[in-house]
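Got a minute to go through this one together? Have a look at the sequence and the fold, then we'll take it question by question.

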Amino acid sequence: MSYDLVVIGTGPGGYVCAIRAAQLGLRTAVVEKRATHGGTCLNVGCIPSKALLHASEAFEEANKHFADLGVEVSGVKLDLKKMMSFKAEGVAGNTKGVEFLLKKNKVDTFHGTGKIAGAGRVEVVSEDGGNQMLETKSIVIATGSDVTRLPGVTIDEKVVVSSTGALELDRVPKKLLVIGAGVIGLELGSVWRRLGAEVTVVEYLDRVLPGMDGEVGKQFQRILTKQGIQFKLSTKVTGVEVGKKGANVTVEPAAGGEAEILQADVVLVAIGRVPYTEGLGLDTVGVQRDDKGRILTDSHYATNVTGIYAIGDVIAGPMLAHKAEDEGVAIAEMLAGQSGHVNYGVIPNVVYTFPEVASVGKTEEELTKDGIAYNAGKFPFTANGRAKANGTTDGFVKVLADAQTDRVLGVHIVGADAGNLIAEVAVAMEFGASSEDIARTCHAHPTLTEAVKEAALAVSKRAIHV
């Protein structure tokens, strides 16, 4: 079977790449090892976690906050099995949607493990042992990532779980210990805390959300602590012993010191993700990788082997679904003779807890390190009319702008609906907007978006409502 393009992996990067290529007239096929499309994101990542975040937030609202709104409810009970069914319905709807889109765009689908047999050749081995050889002009590797293992700790997906297992628990653990204070750990920790678990987060570094704006991290940690999550920062896990009643986790100060043992019913290992390239045959065909296992590519996503390209989590850059999607579109357009492009300076990052955290562009720490002079404007949600009316006043918006040109260099938000609020500034930054441009744009009242405008006004110290 001969194609213009074969994409290995149908996660957000892979399926979007295939659809865009087909739209541009390339005869395209995809190879997917799972029975369903969508990769980690749709099957065991972004989509199911957001379903549980939404459902658990509704549960907590009904249990603790409806009365504040004058809504009296009684007998609120958790039906975890039904909540998991709600999650499964969301996953099924999305994965079936991808299947429909691939068919609609006449993309051929092959289920099985894809292996690059040589330039222009992809072998597909199905679960029953059968195989097919696909001939193609170009190959795009979009196989995504896998959970990072903690040395000496075995993930059994029952007591010691990855994010995959944490989405499938059949009971609410009395005590949940989360290893890692990144996005995944804090989101899933929030889910089970709302449902009744006592949650402790252990982080090797001295802060939560490493890599995000420092001020955002500090305030966000205070908010989560107020909600009931306990933190042990600058702390390392040196051992996990599983027994009949859960696990004993040995921790000690990161800098060294006296060890202590923490007991937990469930331990979630959430220390990051690594590129997934197992079984692709990269060494055989000579595709180069870096010391982190990421496939090395040039600015056009080409590897060192002619005709083989890579996108998404298997290459350098943030491991985000929307980053992979944009790369998928870009490489498809390049292969069709167009000028695909991704602006890596404007890729939003969102933590879907409550409140949410969202950022785009540079942090204050990065600007300081790079020696870039900047002005900062900050506006708290305590001064926003809609936030006060809704009772969602935690957090703030911070705008960072170049001291000379006023061009927006970064925006950081902690607050309700931050994931949607960040879209405005991403568009503004894509077109090179200044803080003055945002400040001069009329924002509807009363909305949370007014906090973005006020933060932009605050860059030149002329915010109205503080």
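Q: Which residues does UniProt list for "domain: Pyridine nucleotide-disulphide oxidoreductase dimerisation"?
A: Keep in mind that we're looking at a predicted model. The domain name comes from the UniProt record, an unreviewed entry. That entry gives the range as residues 347–456.

Q: How far apart are the end C-alpha atoms of residues 347–456?
A: This stretch of chain mixes both kinds of secondary structure, with 35% helix and 28% strand. From one end to the other, the C-alpha atoms are separated by 20 Å.

Q: Is Ser434 buried or exposed?
A: Ser434 sits in the loop between helix H12 (418–430) and helix H13 (435–439). Leaving out residues up to four places away in sequence, Ser434 touches Asp406, Arg407 and Val408. Its relative accessible area is 13%, and the cut-off for burial is under 20%, so Ser434 counts as buried.

Q: Which residue in S5 is the bridge partner of Thr113?
A: Strand S4 (residues 113–118) runs antiparallel to strand S5 (residues 121–125), and five bridges link the pair. Within that ladder, Gly114 is set opposite Val124. For Thr113, the partner in S5 is Val125.

Q: Which residue in the turn between S4 and S5 has a positive phi?
A: S4 and S5 make a hairpin, and two residues lie between them. One turn residue has a phi of about 80 degrees, and that's Gly120.

Q: Which residue in S6 stands opposite Val122?
A: S5 also pairs with strand S6 (residues 131–141), in the antiparallel sense and over five bridges. In this pairing, the residue facing Val122 is Leu134.

Q: What is the phi of Gly129, in the turn between S5 and S6?
A: S5 and S6 form a hairpin too, with five residues between them. Gly129 is in that turn and its phi is positive, at about 95 degrees.

Q: How many disulfides does the structure hold?
A: A disulfide is a covalent bond joining the sulfur atoms of two cysteines. To count as one here, the two sulfurs must be within 2.5 Å. Take Cys17: the closest cysteine sulfur is 16 Å away, so a bond is ruled out by distance. For the structure, the number of disulfides is zero.

Q: Which cysteine holds the sulfur closest to that of Cys17?
A: Cys17 is buried, with 0% relative accessibility. The cysteine we're after is buried as well, at a relative accessible area of 12%. Its sulfur lies 16 Å from that of Cys17, and the residue is Cys41.

Conventions. Residues are numbered from 1 along each chain as its sequence is written. This is a predicted model: local features need pLDDT of at least 70, side-chain atom pairs count only at pLDDT 80 or more; totals for chains, interfaces and linings use all residues. Side-chain values use heavy atoms; hydrogens and water are left out. Two strands pair if DSSP finds at least two bridges between them. Helices (H or I, at least four residues) and strands (E, at least two) are DSSP runs, numbered from the N terminus. Buried means under 20% relative accessible area, exposed over 50%, partly exposed in between (1.4 Å probe, protein chains only). Contact means heavy atoms within 4.5 Å. UniProt positions are given in the numbering used here, feature names are shortened, and annotations may be inferred rather than shown by experiment.
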